[in-house]
Amino acid sequence: MLSYEQALAIIATNIEPLKPSQVRPADALGWVSAGELTCDSAVPPFDNSAMDGFALRSQDTIGAGDASPVRLQVTGTVLAGDGGAATATELSAHEIMTGAAVPAGYDAVIPVERVDIERAPDGKPVAIEVSELVTAGRNLRQAGEDFVAGSPLLTVGQRIGANQIMGLAATGVESFSARRRPVAVAITTGNELTDAGELERGMIHDSNGPYLGAAIPGMGADCIGVHRTGDSAQELIEKIEGLQDQVDLVITTG
């Protein structure tokens, strides 16, 4: 009889990786990366606001307090998706929405609820009063905070899960080289095996079949079915020959 280690060695020397193919990230759940993949550009690609509020220069808030608020003129509004080229000036601020690109020269964002706002008759903010020191980088998502250009996205042999799909989507990957999940089938053998229900004398319920049907997908393969044969070698051979062209892997147990 073969030992467990001998059996594993036979399997390891007689299998080959599946051929890689190009796959879209959305279709790659459970696949395995066939190569190294790095990030082409920074994510996010620009400094953007983590809050609805006002972009400002931190240096303009030095000395600000309840008794000595700093007044900043609101010189524009930036919405998420805007690609404008607004820039900061001394003692100015820009109204800004979450996710919007921070105009050049501003280095912090103060939430809207932490300022006193002076508004024009049409409701637009014309000035704000800041009563606290706002430090540089506050409420900013900085360029490259999630991924730096050139940083690794995938390693060879890495299983693709939801987290990997999110990273691939965030970095704009359209497709990449990966190996699909293998297709498997299970066959249980034994004259004594039967399905659930009342047992006749000498019979037992087939528990290996339902187990393999449930376990194989969790091990990284797609199971297309569970079959059963009696203790006939010819019957088992015919069953395997009838299934082998449909699958990458046949698992038998007896």
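Where does Ile15 lie? In this predicted model, Ile15 is found in the loop that runs between helix H1 (4-13) and strand S1 (21-23).

**Surface patch and pocket**

With a relative accessible area of 56%, Ile15 is exposed, and this residue belongs to a nonpolar patch on the surface that also contains Tyr4, Leu8 and Ile11, the four together having about 450 Å² of accessible area. Ile15 and Ile11 appear again in the description of the largest pocket, where they are listed with Pro182, Ala221 and Leu249 as the residues that lie nearest its centre, out of a lining of 24 residues. The elements that give two or more residues to that lining are H1, helix H3 (208-218) and strand S18 (249-253), and H1 gives the most, with four residues. The volume of the largest pocket is about 770 Å³.

**Strand pairing**

Strand S1, which follows the loop of Ile15, takes part in an open sheet of three strands, whose order is S1-S13-S2 and whose pairing is antiparallel. S1 and strand S2 (32-33) stand at the edges and have a single partner strand each, so one side of each is left without a neighbour in the sheet. S2 is joined to strand S13 (residues 176-179) by two bridges, the two strands running antiparallel, and within this sheet Ser33 stands opposite Ala178 in S13.

A further set of pairings involves strand S10 (residues 125-130), which pairs with strand S6 (residues 70-78) in the antiparallel sense over four bridges; here the bridge partner of Gln73 is Ala127 in S10. Strand S9 (residues 115-119) also runs antiparallel to S10, and five bridges join these two strands, with Glu129 in S10 as the bridge partner of Asp116. S9 and S10 form a hairpin that has five residues between the strands, and in this hairpin Gly123 takes a positive phi near 95°.

**Salt bridges**

The structure holds nine salt bridges, among them the three set out in the table, where each distance is that between N and O atoms.

| Pair | N to O distance | Relative accessible area |
|---|---|---|
| Asp60 and Arg57 | 2.9 Å | Asp60 10%, Arg57 16% |
| Glu132 and Arg138 | 2.8 Å | Glu132 16%, Arg138 21% |
| Arg180 and Asp248 | 2.8 Å | Arg180 34%, Asp248 37% |

The surroundings of these pairs can be described one by one. In the salt bridge between Asp60 and Arg57, Asp60 is buried, and Arg57 is buried as well. In the salt bridge between Glu132 and Arg138, Glu132 counts as buried, whereas Arg138 is partly exposed; both of these residues are also linked with Arg114 in a network of salt bridges.

What does the salt bridge between Arg180 and Asp248 tie together? The side chains of Arg180 and Asp248 meet at 2.8 Å, N to O. Arg180 lies in the loop between S13 and strand S14 (183-189), while Asp248 lies in the loop between helix H4 and S18, so the pair ties together parts that are 68 residues apart in sequence. Arg180 counts as partly exposed, and Asp248 is likewise partly exposed.

**Exposed loop positions**

The loop that holds Asp248, between H4 and S18, is also the place of Asp245, with helix H4 spanning 233-243. Is Asp245 buried or exposed? Asp245 is exposed, with a relative accessible area of 74%. Between Asp245 and Leu79 there are 56 Å in space, C-alpha to C-alpha, and the two are 166 residues apart in sequence.

Another loop, the one between strand S11 (140-141) and strand S12 (152-154), is the place of Val148. Val148 counts as exposed at 51% relative accessibility, a value that is just past the cut-off, since exposed means over 50%. Val148 and Thr13 are 40 Å apart in space, C-alpha to C-alpha, and 135 residues apart in sequence.

Definitions and conventions. Residues are numbered from 1 along each chain as its sequence is written. This is a predicted model: local features need pLDDT of at least 70, side-chain atom pairs count only at pLDDT 80 or more; totals for chains, interfaces and linings use all residues. Side-chain values use heavy atoms; hydrogens and water are left out. Patches are made of residues with over 30% relative accessible area and no salt bridge: like charges are joined within 9 Å, nonpolar side chains (Val, Leu, Ile, Met, Phe, Trp, Tyr) within 5 Å. Accessible areas come from the Shrake-Rupley method with a 1.4 Å probe; for residues, only the protein chains shown count as cover. Buried means under 20% relative accessible area, exposed over 50%, partly exposed in between (1.4 Å probe, protein chains only). Two strands pair if DSSP finds at least two bridges between them. On a 1 Å grid over the protein atoms alone, a cavity is a set of points where a 1.4 Å probe fits but cannot get out, and a pocket is an open set with protein on both sides within 12 Å along at least five of seven lines; lining residues have an atom within 4 Å of a point. Grid points are joined across faces, edges and corners, and a volume is the space filled by probe spheres set on the points.
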